[in-house]
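The following exercises concern the structure shown below. Each consists of a task and a solution worked step by step.

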Amino acid sequence: ESVLQVSEFYPHLCRCLRVLSVCLRVPARTAMDPSEVEFLAEKQTVTIIPNFSLDKIYLITGDLGPFNPGLPVDVPVWLAINLKQRQKCRIIAPEWMDVEKLEQIKEQERKEETFTPMPNPHYMELTKLLLNHASDNIPKADEIRTLIKDTWDTRIAKLRLSADNFVSQQEAHAKVGGFKFNPVETRNCRCWLTNQRQ
């Protein structure tokens, strides 16, 4: 019996179709829905240690595998979570998901007036997904969750302050440079600006 069957990908396929239908139904949107952002995050790769053998899987997005017990292999997050839920693998935390590195990022974010680069554009979504589904595989999961939340809160406070300053100065447009927002931060900023300009 094959470890991976088409029926096992069905939930992910349904989710893809839901996201696609939302995109097609609302043509003039300027912000992504949270489920769309999470869907994009699930395309990021993560390393797993499988406990099964399987030849390469040929998907439209690229080849995955081969899978050999005890040998690390990179797979999309959606597949890693699927395999983890069925106890077919152990997920290795991304390199940036380390307490010391996250403490440095948090402190730098607090000290700087501007935004600091984040270790991954989907750091919030990946943290949520991996800690919800594989916290037993990630050392110091609770500390990581707290550090990410603290960093997120600091960034959101900066975003709100920037949006308030922008609106109070009655500017018509602004340019953002030197850093990148993640998709959720961009969505929040758009919502605040839209609400305050009305």
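**Exercise 1. A salt bridge within one helix**

Task: Determine which residue forms a salt bridge with Asp-153, and how far apart the closest N and O atoms are.

Solution.
Step 1. The criterion is a side-chain nitrogen of Lys or Arg within 4 Å of a carboxyl oxygen of Asp or Glu.
Step 2. The partner of Asp-153 is Lys-149, and their closest N and O atoms are 2.9 Å apart.
Step 3. Both residues belong to helix α6, where a spacing of four residues separates them by about one helical turn. Helices are DSSP runs of H or I with at least four residues, strands are runs of E with at least two, and both are numbered from the N terminus.
Step 4. For the surroundings, buried means under 20% relative accessible area, exposed over 50%, and partly exposed in between (1.4 Å probe, protein chains only). Asp-153 is partly exposed at 35%, and Lys-149 is partly exposed at 44%.

A note on the model: it is predicted, so local features need pLDDT of at least 70 and side-chain atom pairs count only at pLDDT 80 or more, while totals for chains, interfaces and linings use all residues. Residues are numbered from 1 along each chain as its sequence is written, and side-chain values use heavy atoms, with hydrogens and water left out.

**Exercise 2. Salt bridges between and around helices**

Task: State how many salt bridges the count comes to, and decide whether Glu-109 is buried or exposed.

Solution.
Step 1. The count comes to seven salt bridges.
Step 2. One of them joins the side chains of Glu-109 and Arg-155, at 3.0 Å from N to O. Glu-109 lies in helix α4 and Arg-155 in helix α6, so this pair ties together parts that are 46 residues apart in sequence.
Step 3. Glu-109 is buried at 0% relative accessibility, and Arg-155 is likewise buried at 0%.
Step 4. Glu-109 and Arg-155 also belong to a salt-bridge network that includes Lys-158.
Step 5. Another salt bridge joins the side chains of Glu-95 and Lys-101, at 3.5 Å from N to O. Here Glu-95 is exposed, with a relative accessible area of 67%, and Lys-101 is partly exposed at 34%.

**Exercise 3. The aromatic pair**

Task: Establish how the rings of Phe-52 and Phe-67 are arranged.

Solution.
Step 1. A pair of aromatic rings is described by the distance of the centres and the angle of the planes. Rings of Phe, Tyr and Trp (its six-membered ring) pair if their centres lie within 6.5 Å; planes under 30 degrees apart count as stacked, over 60 as edge-to-face and the rest as tilted.
Step 2. By this rule there is one aromatic pair. The ring centres of Phe-52 and Phe-67 are 5.3 Å apart and the planes lie at 25°, so the pair is stacked.
Step 3. The pair links distant parts of the chain, 15 residues apart: Phe-52 is in the loop between β1 (45–50) and β2 (57–59), and Phe-67 in the loop between β3 (62–64) and β4 (73–76).
Step 4. Both rings belong to buried residues, Phe-52 having a relative accessible area of 6% and Phe-67 one of 0%.
Step 5. Pro-66 is also placed in the loop between β3 and β4, but is partly exposed at 41%. Its C-alpha atom is 5.9 Å from that of Leu-54, twelve residues apart along the chain.

**Exercise 4. Helix α3 and the overall fold**

Task: Explain why helix α3 is described as largely enclosed by the rest of the structure, and place this helix within the chain.

Solution.
Step 1. The protein chain has seven helices and five strands, in the sequence pattern α-α-β-β-β-β-α-β-α-α-α-α.
Step 2. Of its 198 residues, 38% count as buried.
Step 3. In helix α3 (residues 77–85), eight of the nine residues are buried, so the helix is largely enclosed by the rest of the structure.
Step 4. The buried residues are Val-77, Trp-78, Leu-79, Ala-80, Ile-81, Asn-82, Leu-83 and Lys-84.
Step 5. Just after α3, Gln-87 takes a positive phi of about 60°.
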